Amino acid sequence: MSASVRLSVSDTTAQLVPDPLGGTILMIDGREQSHVDLADPTAIRHEYLRRIAHLVDTAAPAGEPISVLHLGAGALTLARYVQAVRPGSEQTVVELERELVTFVLDALPLPAGTRLAAITGDAREAVLGMGSARFDLIVLDVFSGADSPAHLACEEFSALCLDRLTDRGVLAVNIGDDEGLRFWAGQALDLADAADAAGAPGVWTLADAALVRDLAEGNLVLAAGPGVSPGVRDGDELEDVVESWMRGGPHPATVLDPDETEELAERIAATSPPRPAA
């Protein structure tokens with residue numbers, strides 16, 4: 001049996017439907033947005049979320065709780081994963097659609113012991129209002145190519161998020177883009193500029209290798225912040241961390257280092273219209 005709710009901000013319908021292969025699918029406006037398997041919170045179907053899960057895995061020693069800020073709720077798939085692999089983590093989710101989190105949690109409760117605070121509102125306003133709060137991981141999952149909100153898809157917001165990271169923190173940004181990856185290129189360059197201004201390491205890209213090779217439509221994950229630099233994690237070398245990102249897939253996987261990310265983004269930008277001012 002499925003359930004649905006009307007979302008007041010976007011005036012679209014969110015629907016939870018059973019997945020014949022197991023679990024539950026969150027549909028928004030008729031499109032699959034999230035997948036949850038209550039029986040196994042570590043089972044992540046969407047490729048980009050599995051790549052962000054690798055960043056969760058390398059954010060601190062195995063099993064150690066971390067602080068996470070989720071900008072965009074979906075079905076809270078990643079929050080469930082964090083609780084499963086890092087019990088006791090402090091998590092906060094910001095969601096613009098006030099009906100969504102309650103709708104999802106009524107049907108798909110979080111695992112016992114999950115420490116999650118939910119904030120309804122705009123991501124930028126919420127982050128600005130957090131004062132001295134700092135996070136080991138910030139996940140920005142609100143972008144959809146050219147339709148993305150301009151006040152979030154800009155260098156200034158990237159800088160704001162980087163400023164909310166701990167000394168081991170990572171900002172992970174899901175970029176859904178069309179063929180040509182022009183939006184991804186703009187976001188990668190904006191984030192690189194923000195990281196440089198903050199004195200943080202450059203921007204990494206985790207993605208499907210064929211997608212990057214062909215500049216095809218799909219999702220790419222950008223990662224930046226002090227937590228992607230060598231020496232932050234006790235006993236871990238950066239090469240070992242990157243290898244774990246590659247090994248975890250989904251395959252074929254590629255990981256572009258900051259130089260490779262910037263080179264590809266600049267090459268794409270050189271053949272694209274100028275980026276609009278923030």
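**Exercise 1. Find what surrounds the charge of Arg86, which is buried yet has no salt bridge.**

Start with the terms: buried means under 20% relative accessible area, exposed over 50%, partly exposed in between (1.4 Å probe, protein chains only). A salt bridge is a side-chain nitrogen of Lys or Arg within 4 Å of a carboxyl oxygen of Asp or Glu. Lys and Arg count as positive and Asp and Glu as negative, while His and the chain ends are not counted.

This is a predicted model, where local features need pLDDT of at least 70 and side-chain atom pairs count only at pLDDT 80 or more, whereas totals for chains, interfaces and linings use all residues. Residues are numbered from 1 along each chain as its sequence is written, and side-chain values use heavy atoms, leaving out hydrogens and water.

*Solution.*
- Step 1: Locate Arg86 in the loop between α2 (77-85) and β6 (90-95).
- Step 2: Look for opposite charge; the nearest such side chain, Asp57, is 5.7 Å away.
- Step 3: Turn to the backbone. A polar atom of the Arg86 side chain lies 3.0 Å from the backbone oxygen of Val56, and one lies 2.7 Å from the backbone oxygen of Pro61.

**Exercise 2. Trace the salt bridges of Arg168.**

*Solution.*
- Step 1: Arg168 meets Glu64 in a salt bridge at 2.6 Å, N to O. Arg168 is in strand β9 (residues 165-177) and Glu64 in the loop between α1 and β5 (67-71), so this pair ties together parts 104 residues apart in sequence.
- Step 2: Arg168 also meets Asp136, at 3.2 Å, N to O. Asp136 sits in strand β8 (residues 135-140), 32 residues from Arg168.
- Step 3: Compare accessibility: Arg168 is partly exposed at 24%, Glu64 is partly exposed at 29%, and Asp136 is buried at 7%.
- Step 4: Put the pieces together: Glu64, Asp136 and Arg168 are linked in a network of salt bridges.

**Exercise 3. Describe the one aromatic pair in the whole structure.**

*Solution.*
- Step 1: Apply the rule: rings of Phe, Tyr and Trp (its six-membered ring) pair if their centres lie within 6.5 Å; planes under 30 degrees apart count as stacked, over 60 as edge-to-face and the rest as tilted.
- Step 2: Trp204 and Trp245 are 5.9 Å apart, centre to centre, with 85 degrees between the planes, making the pair edge-to-face.
- Step 3: Trp204 belongs to strand β10 (residues 204-208) and Trp245 to helix α8 (residues 238-248), so the pair ties together parts 41 residues apart in sequence.
- Step 4: Check burial: both Trp204 and Trp245 are buried.

Terms used
Helix = DSSP H or I, 4+ residues; strand = E, 2+ residues; numbered from the N terminus. Polar contact = N/O pair within 3.5 Å; in protein donor to acceptor, adjacent residues only side chain to side chain.
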